[in-house]
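Here is a set of exercises to work through with the model open beside you. Try each task before you read its solution.

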Amino acid sequence: VGDPCPGLQVLDITDCKYISDDGIKAIANCRRLNTLTLVGVERLTKRGLKALADSSSGKSITSLNVSGRYNVSNSGLNVFYGIASITTPGAIALSHMPHLTTLNLCGLHQIGNSAVKAISKHCKHLVNLNVSGCGHIEDESVAILSRNCVELRVLNLSGVVKLSDDGLISISAGLHLLENLNLFRCEAITDNGLKPLVSCTNLT
């Protein structure tokens, strides 16, 4: 199959709520695509992610954003809505994209340890990872991430409520290039977890 858009390198379809897995499949053969933003694409499921990951685009994409979005609730408060249809199997499919350097899974509250482990194992060149709001992620997958993705410079774990001091100890032992670490609402961590982070001398 030929490349339908031979010059396309960056595509942003944020909030295009009528785009489904079929639309994602249509762009999957854009061989030069390197940046894809799918924020708030509510009909996206594991089928679309798997098709993308196994395609020509999957081998060229370095930056992928499949996060949910903030909406204003009836009470006037900002409430985050993740893409509920993206579960652990869909996120695991992203591990077939070995050239990813930036990955945003913010708000995908159904994904858990298995997804992070798979991505950590195969996407070892990640520099920027956002898993904020992914409340099922635990210390064991953070430890594997810290051992495998040693090029990470930006890591957002805000709202990863099961993260404890053990997870921070793993981060301090493995991610020495880390410059930015977001631990907002990681309510289980204590002083004992923060102290080892002094070994991450690039943290700002």
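## Exercise 1: a proline in a loop

Task: find which residues Pro-98 is in contact with, leaving aside its neighbours within four places in sequence.

Solution. Start with the contacts: Pro-98 meets Gly-58, His-122, Cys-123 and His-125, once neighbours within four places in sequence are set aside. Contact here means heavy atoms within 4.5 Å. Next, take one of these partners, Cys-123: Pro-98 and Cys-123 are 25 residues apart in sequence, yet 4.7 Å apart in space from C-alpha to C-alpha. Then place the proline: Pro-98 lies in the loop between α4 and β6. Helices (H or I, at least four residues) and strands (E, at least two) are DSSP runs, numbered from the N terminus. Last, check its accessibility: Pro-98 counts as partly exposed, at 29%. The classes are buried for under 20% relative accessible area, exposed for over 50%, and partly exposed in between (1.4 Å probe, protein chains only).

## Exercise 2: how far to trust the model

Task: state the mean pLDDT of the protein and say over which residues the pLDDT is below 50.

Solution. This is a predicted model, in which local features need pLDDT of at least 70, side-chain atom pairs count only at pLDDT 80 or more, and totals for chains, interfaces and linings use all residues. Residues are numbered from 1 along each chain as its sequence is written, and side-chain values use heavy atoms, with hydrogens and water left out. The pLDDT is the predictor's confidence in each residue, from 0 to 100. Its mean over the protein is 90, and 91% of the residues reach 70 or more. The stretch to mark is residues 72-80, where pLDDT is below 50; this stretch has 14 contacts in the model beyond near neighbours in sequence.

## Exercise 3: the sheet

Task: give the order of the strands in the open sheet and name its edge strands.

Solution. Two strands pair if DSSP finds at least two bridges between them. Following the pairs gives seven strands in the order β1-β2-β3-β6-β7-β8-β9, with parallel pairing. The edges are β1 (10-12) and β9, each of which pairs on one side only. Now zoom in on one edge: β1 pairs with β2 (residues 35-37) in the parallel sense over three bridges. Here Asp-12 stands opposite Thr-37 in β2.

## Exercise 4: two packed helices

Task: find the angle at which α5 and α6 pack, and which residues meet.

Solution. Axes are lines fitted to C-alpha atoms, for helices over the stretch in contact, and angles run from 0 to 180 degrees between N-to-C directions. By that recipe α5 and α6 pack at an angle of about 10 degrees, with their axes 9 Å apart. That makes α5 roughly parallel to α6, a class for angles under 35 degrees. At the interface, Asn-113, Val-116, Lys-117, Ser-120 and Lys-121 of α5 meet Glu-140, Ser-141, Ile-144, Leu-145 and Asn-148 of α6. An α-helix has 3.6 residues a turn, so residues three or four places apart point the same way.

## Exercise 5: enclosed helices

Task: explain why α6 is largely enclosed by the rest of the structure, and find what covers its buried residues.

Solution. Seven of the 10 residues of α6 are buried, so the helix is largely enclosed. The cover includes α5, β7 (128-130), β8 and α7. Take Ser-146, a residue of α6: Ser-146 is buried, at a relative accessible area of 1%. Beyond four places in sequence, Ser-146 touches Ser-170, Ile-171, Gly-174 and Leu-175. Now turn to α7 (residues 165-174): seven of its 10 residues are buried, so α7 is also largely enclosed. Its buried residues include Leu-168, Ser-170 and Ile-171, and among the elements covering them are α6, β8 (154-156) and β9 (180-182).

## Exercise 6: the nonpolar core

Task: which residues touch the most other members of the largest nonpolar core?

Solution. A nonpolar core is a set of buried Ala, Val, Leu, Ile, Met, Phe, Trp, Tyr and Cys residues joined through side-chain atoms within 4.5 Å. In the largest, with 52 residues, Leu-64, Leu-155 and Ile-171 touch the most other members. At least two residues of this core come from each of α2 (46-53), α5, α6 and α7.

How values were computed:
Angles under 35 degrees count as roughly parallel, over 145 as roughly antiparallel, 65 to 115 as roughly perpendicular and the rest as oblique.
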